[in-house]
Amino acid sequence: MIISGKDLAAELKKEMAADVVKYTAQYGRAPHLVVILVGNDPASVSYVTGKAKDSLEVGFKNTTIRKDESISEDELVALIEELNADKEVDGVLVQLPLPKHISEDRIIATISKEKDVDGFHPLNVAALWQKQECVLPCTPKGVIKLLQRAGVEIAGKRAVVIGRSNIVGLPVSKLLLDHNATVTMCHSRTQNLAEIAREADILVVAIGKPKFVTADMVGEGAAVIDVGVNRDPETGKLCGDVDFEACKEKASVITPVPGGCGPMTRCCLMENTIECYLNQMNK
Ligand code: NAP
């Protein structure tokens, strides 16, 4: 079974749009997401455009602030502080990566925890690991929703996560653990990766290498979630970290790229913005 993140995201956004109409009537204004883009990196421009499109679809007010690459770190901090103080702004997101002269750590920590719709603020990350209330990071949250939509039981299952980045691999592992899977985290130094991957009931891959996971790495009947977004070196088309055509023969469920985790990441961003908006309105 191919799990379409595109279809699930469309369905969830439709439900959110109906909720937003009600909230707007109740609270007197729609949720407002502000996205800051520094520079002109084509991938970042495309991500920001997608976020604006989804925001409009669910009925948010969306503001995209574009800044030249020459902006200083202090100027960017000042802009974020202004947005933090603005009661009409519910979510603030700074598109990563940033130019080298700007510290991403400082910028992420400047966004107020209450408006951190990406779930990257150190206090949100700490809250996640301490099982406290927090904004969940969008891609990992989307991975869990895809598994749930496919009817995959997570509790008690063996989950293998390949990749341990702060934004995907680590938080995905934590969420799977919170759903009572037994989790093995793999990385570039893991020995016998294929053997470990084959044992997985649930295999999540987030490494950034085109078609890295081959059919011999997938156990019969495994649920395979491919987070990777790469260019196929042969065709130049978008592809995942998993060799989809080969692995779909062995997996019980599998996500495609494009149309899998990407749309769900943006959908969870919309959900997080509503969460921050409701928290602000009900303060
Ligand atoms: P990252 O920060 O570069 O981390 C890559 C991880 O993969 C690292 O933990 C690395 O191990 C591991 N790795 C690299 N080569 C490996 C190998 N040969 N065997 C096993 N592990 C290996 O990447 P990321 O930010 O997590 O992103 C991963 C992929 O997901 C990228 O393609 C990115 O574009 C995509 N992504 C998609 C979405 C979405 O919305 N769909 C969101 C975010 C990212 P070490 O820790 O040992 O170096």
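**Warm-up.** How many salt bridges does a search of the whole structure find?

*Solution.* Start with the ground rules: this is a predicted model, where local features need pLDDT of at least 70, side-chain atom pairs count only at pLDDT 80 or more, and totals for chains, interfaces and linings use all residues. Residues are numbered from 1 along each chain as its sequence is written, and side-chain values use heavy atoms, with hydrogens and water left out. Now apply the criterion: a salt bridge is a side-chain nitrogen of Lys or Arg within 4 Å of a carboxyl oxygen of Asp or Glu. The search turns up 17 of them.

**Exercise 1.** Work out where the Asp90 and Arg29 salt bridge sits in the chain.

*Solution.*
- Distance: the two side chains meet at 2.8 Å, N to O.
- Location: Asp90 is in the loop between helix 3 (73-85) and strand 3 (91-94), while Arg29 is in the loop between helix 1 (5-27) and strand 1 (32-38), so to speak 61 residues away; helices (H or I, at least four residues) and strands (E, at least two) are DSSP runs, numbered from the N terminus.
- Burial: both Asp90 and Arg29 are buried (under 20% relative accessible area; exposed is over 50%, partly exposed in between; 1.4 Å probe, protein chains only).

**Exercise 2.** Find the partners of Glu271 in helix 6, and sort out burial for Lys141 and Glu271.

*Solution.*
- Lys141 pairs with Glu271 at 3.0 Å, N to O. The pair joins helix 6 (residues 138-149) to helix 10, 130 residues apart.
- Lys145 also makes a salt bridge with Glu271, the closest N and O atoms being 3.1 Å apart. Here the two residues are 126 apart, again in helix 6 and helix 10.
- Lys141 counts as buried because its relative accessibility is 9%. Glu271, at 22%, counts as partly exposed.

**Exercise 3.** Describe the ligand's surroundings, then list polar contacts.

*Solution.*
- Shell: 22 residues surround the ligand, and among those that come nearest are Arg164 and Thr265 (near means a heavy atom within 4 Å).
- Contacts (pairs of N or O atoms within 3.5 Å): a ligand oxygen is 2.5 Å from a side-chain N or O of Ser188. A polar side-chain atom of Lys209 lies 3.0 Å from a ligand nitrogen. A polar backbone atom of Val229 is 3.0 Å from a ligand oxygen.
- Cover: the protein covers 71% of the 930 Å² of accessible area that the ligand has on its own (Shrake-Rupley method, 1.4 Å probe).
- Main contributor: helix 10 (residues 261-281) gives the most to the shell, with 3 residues.

Conventions: A polar contact is a pair of N or O atoms within 3.5 Å; within protein, one must be able to donate a hydrogen and the other to accept it, and residues adjacent in sequence count only if both atoms are side-chain atoms.
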